[in-house]
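Trainee: I would like a close look at one part of this model, the charged side chains that pair with each other. Please set them in the context of the whole chain.

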Amino acid sequence: NFESYPVFSKNFLLRGSDEMAIRNLFTDAVLMFVETKLGCCIEGDGNWLLFYRHNRRVDPTALRALLEEGVGVVEAFHLAPREEF
(Lines give C-alpha, C1' and ligand atoms only; values in the text may rest on other atoms or scores of the structure.)
Protein backbone atom coordinates (compact mmCIF):
# COMPACT_ATOMS: atom_id res chain seq x y z
CA ASN A 1 0.00 0.00 0.00
CA PHE A 2 1.01 3.59 -0.65
CA GLU A 3 -0.49 5.81 2.07
CA SER A 4 -0.31 8.92 -0.12
CA TYR A 5 -2.24 7.15 -2.89
CA PRO A 6 -5.34 5.56 -1.37
CA VAL A 7 -7.11 5.23 -4.74
CA PHE A 8 -4.17 3.26 -6.11
CA SER A 9 -3.88 1.12 -2.98
CA LYS A 10 -7.60 0.31 -3.00
CA ASN A 11 -7.71 -0.66 -6.68
CA PHE A 12 -4.36 -2.30 -7.42
CA LEU A 13 -2.44 -5.20 -5.94
CA LEU A 14 1.34 -5.24 -6.20
CA ARG A 15 3.24 -8.46 -5.67
CA GLY A 16 6.91 -9.29 -5.87
CA SER A 17 9.84 -10.63 -3.93
CA ASP A 18 11.64 -7.28 -3.49
CA GLU A 19 9.34 -4.73 -1.86
CA MET A 20 11.91 -1.93 -1.96
CA ALA A 21 12.52 -2.41 -5.70
CA ILE A 22 8.77 -2.31 -6.34
CA ARG A 23 8.37 0.86 -4.28
CA ASN A 24 11.24 2.48 -6.19
CA LEU A 25 9.65 1.53 -9.52
CA PHE A 26 6.28 3.00 -8.54
CA THR A 27 7.31 6.63 -8.28
CA ASP A 28 4.82 9.42 -7.57
CA ALA A 29 4.49 10.03 -11.32
CA VAL A 30 3.75 6.35 -12.02
CA LEU A 31 1.27 6.09 -9.14
CA MET A 32 -0.61 9.20 -10.27
CA PHE A 33 -0.74 7.92 -13.85
CA VAL A 34 -1.82 4.38 -12.95
CA GLU A 35 -4.58 5.74 -10.68
CA THR A 36 -6.22 6.98 -13.89
CA LYS A 37 -6.26 3.42 -15.29
CA LEU A 38 -8.90 1.87 -13.04
CA GLY A 39 -10.11 -1.44 -14.42
CA CYS A 40 -6.86 -2.31 -16.10
CA CYS A 41 -4.28 -4.95 -15.24
CA ILE A 42 -0.56 -4.40 -15.56
CA GLU A 43 1.92 -7.22 -15.11
CA GLY A 44 5.66 -7.05 -15.47
CA ASP A 45 8.69 -9.29 -15.33
CA GLY A 46 12.14 -8.02 -16.17
CA ASN A 47 11.83 -6.09 -19.44
CA TRP A 48 8.29 -7.37 -20.12
CA LEU A 49 5.13 -5.41 -19.46
CA LEU A 50 1.63 -6.75 -20.08
CA PHE A 51 -1.36 -4.38 -20.13
CA TYR A 52 -4.92 -5.70 -20.41
CA ARG A 53 -8.49 -5.53 -19.18
CA HIS A 54 -9.39 -8.66 -17.18
CA ASN A 55 -12.37 -10.63 -18.54
CA ARG A 56 -13.15 -7.99 -21.17
CA ARG A 57 -12.88 -8.43 -24.89
CA VAL A 58 -11.90 -5.40 -26.86
CA ASP A 59 -14.05 -4.46 -29.80
CA PRO A 60 -11.82 -4.41 -32.90
CA THR A 61 -12.68 -0.75 -33.46
CA ALA A 62 -11.31 0.05 -29.97
CA LEU A 63 -8.06 -1.89 -30.37
CA ARG A 64 -6.01 1.13 -31.44
CA ALA A 65 -7.16 3.05 -28.34
CA LEU A 66 -6.20 0.13 -26.08
CA LEU A 67 -2.76 -0.10 -27.71
CA GLU A 68 -2.23 3.64 -27.27
CA GLU A 69 -3.27 3.36 -23.63
CA GLY A 70 -0.75 0.54 -23.16
CA VAL A 71 1.99 2.64 -24.74
CA GLY A 72 1.11 5.38 -22.25
CA VAL A 73 1.65 2.93 -19.40
CA VAL A 74 5.05 1.93 -20.77
CA GLU A 75 6.01 5.58 -21.16
CA ALA A 76 4.94 6.34 -17.58
CA PHE A 77 7.40 3.74 -16.28
CA HIS A 78 10.21 4.78 -18.63
CA LEU A 79 9.86 8.52 -18.12
CA ALA A 80 9.42 8.48 -14.35
CA PRO A 81 12.57 9.41 -12.42
CA ARG A 82 13.94 6.53 -10.38
CA GLU A 83 15.38 6.70 -6.88
CA GLU A 84 18.57 4.80 -6.22
CA PHE A 85 18.24 1.97 -3.72
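Mentor: What follows starts with the overall layout, goes through the salt bridges one by one, and then turns to the aromatic rings and the surface.

The model is predicted. The secondary structure of the protein chain amounts to 4 helices and 2 strands, and read from the N terminus the elements are ordered α-α-α-β-β-α. Along its principal axes, the C-alpha trace extends about 40 × 25 × 20 Å. The chain has 85 residues, and 29% of them are buried. Among contacts with a separation of 6 or more, 49% are between residues 24 or more positions apart. The accessible surface is about 6,800 Å², with 54% of that area belonging to carbon and sulfur atoms.

Now to the charged pairs. Side chains of opposite charge can pair when their charged atoms come close. In this structure there are 3 salt bridges.

Take the pair within a helix to begin with. Glutamate 19 and arginine 23 meet through their side chains at 2.9 Å, N to O. Both residues belong to helix H2, which covers residues 19-25, and they are 4 residues apart, about one turn of the helix. Glutamate 19 has a relative accessible area of 52%, so it counts as exposed; the cut-off for that class is over 50%. Arginine 23, with a relative accessible area of 31%, is partly exposed.

Arginine 23 has a further neighbour. It lies over the face of phenylalanine 2, at 4.8 Å from the ring centre. That residue comes up again with the aromatic rings.

The other salt bridges share a partner, glutamate 69. In one of them, the side chains of lysine 37 and glutamate 69 meet at 3.5 Å, N to O. This pair links distant parts of the chain: lysine 37 sits in the loop between helix H3 (28-35) and strand S1 (41-45), glutamate 69 sits in helix H4 (residues 63-79), and the two are 32 residues apart. Lysine 37 has 14% relative accessibility and is therefore buried. For glutamate 69 the value is 18%, so this residue is buried too. The limit that applies to both is under 20%.

In the other bridge, glutamate 69 meets arginine 53, with 2.7 Å from N to O. Arginine 53 is in the loop between strand S2 (48-52) and H4, while glutamate 69 is in H4 itself, so this bridge ties together parts that are 16 residues apart in sequence. Arginine 53 is buried, as is glutamate 69. Through the shared partner, the salt bridges join Lys37, Arg53 and Glu69 into one network.

Lysine 10 gives a point of reference elsewhere in the chain. This residue is in helix H1 (residues 6-11). Its relative accessibility is 74%, so it counts as exposed. From the C-alpha atom of lysine 10 to that of tyrosine 52, which is 42 residues away along the chain, the separation is 19 Å.

The aromatic rings come next. A pair of aromatic rings is described by the distance of the centres and the angle of the planes. The structure contains 4 aromatic pairs. One of them joins phenylalanine 8 and phenylalanine 12: the ring centres are 5.1 Å apart and the planes are at 20°, so the pair is stacked. Phenylalanine 8 is buried at 2% relative accessibility, and phenylalanine 12 is buried with a relative accessible area of 16%. Another pair, phenylalanine 26 with phenylalanine 77, is edge-to-face, with 5.3 Å from centre to centre and 90° between the planes. It links distant parts of the chain, since phenylalanine 26 is in the loop between H2 and H3 and phenylalanine 77 is in helix H4, 51 residues apart. Both of these phenylalanines are buried.

Phe2, Phe8, Phe12, Phe26 and Phe77 make up one aromatic cluster. Phenylalanine 2, the ring under arginine 23, is thus a member of that cluster.

On the surface, Val58, Leu63 and Leu67 form a nonpolar patch with about 250 Å² of accessible area together. Valine 58 is located in the loop between S2 and H4, and with a relative accessible area of 33% it is partly exposed.

Key: Residues are numbered from 1 along each chain as its sequence is written. This is a predicted model: local features need pLDDT of at least 70, side-chain atom pairs count only at pLDDT 80 or more; totals for chains, interfaces and linings use all residues. Side-chain values use heavy atoms; hydrogens and water are left out. A salt bridge is a side-chain nitrogen of Lys or Arg within 4 Å of a carboxyl oxygen of Asp or Glu. Buried means under 20% relative accessible area, exposed over 50%, partly exposed in between (1.4 Å probe, protein chains only). Rings of Phe, Tyr and Trp (its six-membered ring) pair if their centres lie within 6.5 Å; planes under 30 degrees apart count as stacked, over 60 as edge-to-face and the rest as tilted. A charge sits over a ring if NZ of Lys or CZ of Arg is within 6 Å of the ring centre and within 35 degrees of the ring normal. Patches are made of residues with over 30% relative accessible area and no salt bridge: like charges are joined within 9 Å, nonpolar side chains (Val, Leu, Ile, Met, Phe, Trp, Tyr) within 5 Å. Accessible areas come from the Shrake-Rupley method with a 1.4 Å probe; for residues, only the protein chains shown count as cover. Contact means heavy atoms within 4.5 Å.
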